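Q: I am new to this structure and would like a close look at a single part of it, with the surroundings explained step by step. Please take your time over the answer.

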Amino acid sequence: MFIMKDLGQSHFDVLKEIGNIGAGNAATALSQLISQKIEMTVPNVSIMPFGSVSDILGGAEREVAGVYLRVFGDAPSKIVFLFSVQEAYSLVDMILHCPAGTTQEFGDFEQSALKEIGNIMTGAYLHALTKLTGLHQLSSVPSFACDMVGAIMNTALTDLGMIGDYALLIETQFSLVEREINGHFFLVPDPGSLEIILGALGVGSSCQK
Amino acid sequence: MPEIVRVGMAELKTAKAPDKIVTLGLGSCIGVCAYDAISKIGGMVHVMLPDSSLAIESTNPAKFADTGVPLLLQELKQQGVITIENIIIKIVGGAEMFAASSKDTHLGVGARNILAVEETCQELNLTISAKSVGGNAGKSITLNLETGIVEVKSMNTIFVL
């Protein structure tokens with residue numbers, strides 16, 4: 001099994017590229033959905049102790065809206081979308097073609113809209129990843145939570161606890177140009193999946209670091 | 001000056017009054033608080049997973065319920081707690097953050113963590129005097145070492161154990 005400390009620079013580059021292509025597709029899907037221009041950052045691949053994960057997201061107690069999906073298939077993983085609460089409201093307004101400021105709570109309907117965004121973006125992401133790696137992947141039904149960012153990331157990271165003391169996150173930020181919406185997109189490979197993904201792209205564990 | 005001691009995911013810390021021990025954003029993880037009222041020494045461990053035998057590679061016993069709780073006890077003894085019988089245990093966490101897909105066996109980790117902590121405490125003859133576990137809300141907790149009271153904070157409420 002692959003462990004974090006075996007990862008070299010070439011692996012990081014490949015993971016970044018996966019993040020780039022996948023998130024690029026996902027951003028395009030979102031852009032088409034809401035007819036708005038979307039910018040995204042170069043993905044950030046980070047390995048950090050579990051204890052410091054929530055620090056990068058503005059502290060464990062920050063309230064965020066999150067959509068969570070499991071990815072099944074050849075290389076299982078988890079996908080988490082995070083938005084600040086206000087930005088999630090704005091996003092719902094845009095999807096539903098309401099004037100800005102209309103959405104003030106996450107009722108069933110609003111949650112459903114956000115979950116659908118998560119669903120569509122994940123589909124686009126996985127499609128790109130499948131084309132690139134030849135790995136077969138399917139996503140679960142999305143689930144929604146509005147809660148502390150630490151608690152949400154807990155759930156996504158627990159499985160990784162089995163193979164080490166560090167979290168591997170492939171993170172992309174995307175932002176809407178016209179309205180201030182910044183989303184975080186995380187791909188968290190399950191234990192063992194990292195090796196499969198890297199292997200499919202020709203940078204397995206035997207590769208020079 | 002009383003200090004606030006922060007416990008991150010998969011970490012264990014001990015301290016003495018007037019300090020306070022805090023862990024933020026518990027989801028499926030469990031914060032196990034242990035407190036000795038006589039010496040006013042206490043500790044907290046933030047466990048992520050139920051069982052260390054599931055681990056493929058890990059050097060951190062604080063991450064698992066079955067190794068984290070005994071370690072907490074051991075650390076308290078080292079800090080000067082003499083009688084284990086006096087230690088008060090309070091546990092918080094073990095939520096299922098994404099309730100909609102609770103049929104997904106993976107997400108049962110919160111419930112499995114609760115069971116594992118309770119079983120480990122039983123094996124060690126520790127009595128859990130208070131708990132706030134399960135549900136689907138994230139929680140932050142503060143253990144006040146002056147009183148042994150645990151303040152539990154979620155997005156909507158604050159209460160004490």
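Which residue in E8(B) does Leu26(B) stand opposite?

A: Leu26(B) stands opposite Lys139(B) in E8(B). What follows describes a predicted model, and the account begins with the strand to which this pair leads, then widens to the sheet, the chain and the partner chain.

The strand in question is E3 of chain B, which covers residues 20-26 and is followed by a loop that leads to strand E4 (30-36). E3(B) is mostly covered, for five of its seven residues are buried. On one hand, E3(B) pairs with strand E8 of chain B, residues 139-144, through five bridges, and these two strands run antiparallel. On the other hand, E3(B) pairs with strand E1 of chain B, residues 4-6, in the parallel sense and over three bridges; within that pairing, Arg6(B) stands opposite Val22(B). As a general matter, the strands of a sheet pair through backbone hydrogen bonds, and the pairing can be either parallel or antiparallel.

The sheet continues beyond E8(B), since E8(B) also pairs with strand E9 of chain B, residues 150-153, in the antiparallel sense over four bridges. In that pairing Ser140(B) has Lys153(B) of E9(B) opposite. Taken as a whole, this is an open sheet of five strands in chain B, with the order E1-E3-E8-E9-E10 and with mixed pairing. Its edges are formed by E1 and by strand E10 (158-160) of chain B, each of which has a single partner strand, so that one side of each is left without a neighbour in the sheet. Neighbouring strands of this sheet are turned against each other by 20° on average, with direction ignored.

The loop that follows E3(B) deserves a look of its own. Ser28(B) has its place there, between strand E3 (20-26) and strand E4 (30-36) of chain B. Ser28(B) is buried, because its relative accessible area is 2%, whereas the cut-off for buried is under 20%. Once neighbours within four places in sequence are left aside, Ser28(B) is in contact with residues of chain A, namely Asn154(A), Thr155(A) and Thr158(A), and with residues of chain B, namely Gly94(B), Ala95(B), Val109(B), Gly110(B) and Asn113(B).

Past this loop, strand E4 belongs to another open sheet of chain B, one of five strands in the order E2-E5-E4-E6-E7, again with mixed pairing. Here strand E2 (12-16) and strand E7 (128-133) of chain B stand at the edges with a single partner strand each, so one side of each is left without a neighbour in the sheet. The average turn between neighbouring strands of this sheet is 15°, direction ignored. Towards one of these edges, strand E6 of chain B, residues 87-93, is joined to E7(B) by five bridges, and the two run parallel; one bridge links Val92(B) with its partner Ser132(B) in E7(B).

Both sheets sit in a chain with two helices and 10 strands, whose elements run β-β-β-β-β-α-β-α-β-β-β-β from the N terminus on. Chain B has a radius of gyration of 15 Å, close to the 15 Å that the globule rule gives for 161 residues, so chain B is as compact as a globular protein of that length. The C-alpha trace of chain B spans about 45 × 35 × 25 Å along its principal axes, and 53% of the 161 residues count as buried. Among contacts in chain B between residues at least 6 apart in sequence, 60% join residues at least 24 apart.

Chain A, which supplies some of the contacts of Ser28(B), has five helices and eight strands, in the sequence α-β-β-β-β-α-α-β-β-α-β-β-α from the N terminus on. The radius of gyration of chain A is 17 Å, which agrees with the value near 17 Å that a compact globule of 209 residues would have. Of those 209 residues, 58% count as buried. One of the buried residues is Arg70(A), with a relative accessible area of 9%, and its place is in strand E3 of chain A, residues 63-73. The side chain of Arg70(A) is joined to that of Asp190(A) by a polar contact of 3.5 Å.

How values were computed:
Residues numbered from 1 in each chain as written. Chains lettered and ligands numbered in written order. Predicted model: local features only at pLDDT ≥ 70, side-chain atom pairs only at ≥ 80, totals over all residues. Heavy atoms only, no water. Pairing = 2+ DSSP bridges. Axes fitted to C-alpha atoms, helices over the stretch in contact; angles between N-to-C directions. Rg over C-alpha atoms; globule rule 2.2 N^0.38 Å. Buried < 20%, exposed > 50% of the residue type's maximum accessible area, 1.4 Å probe, protein only. Contact = heavy atoms within 4.5 Å. Polar contact = N/O pair within 3.5 Å; in protein donor to acceptor, adjacent residues only side chain to side chain.
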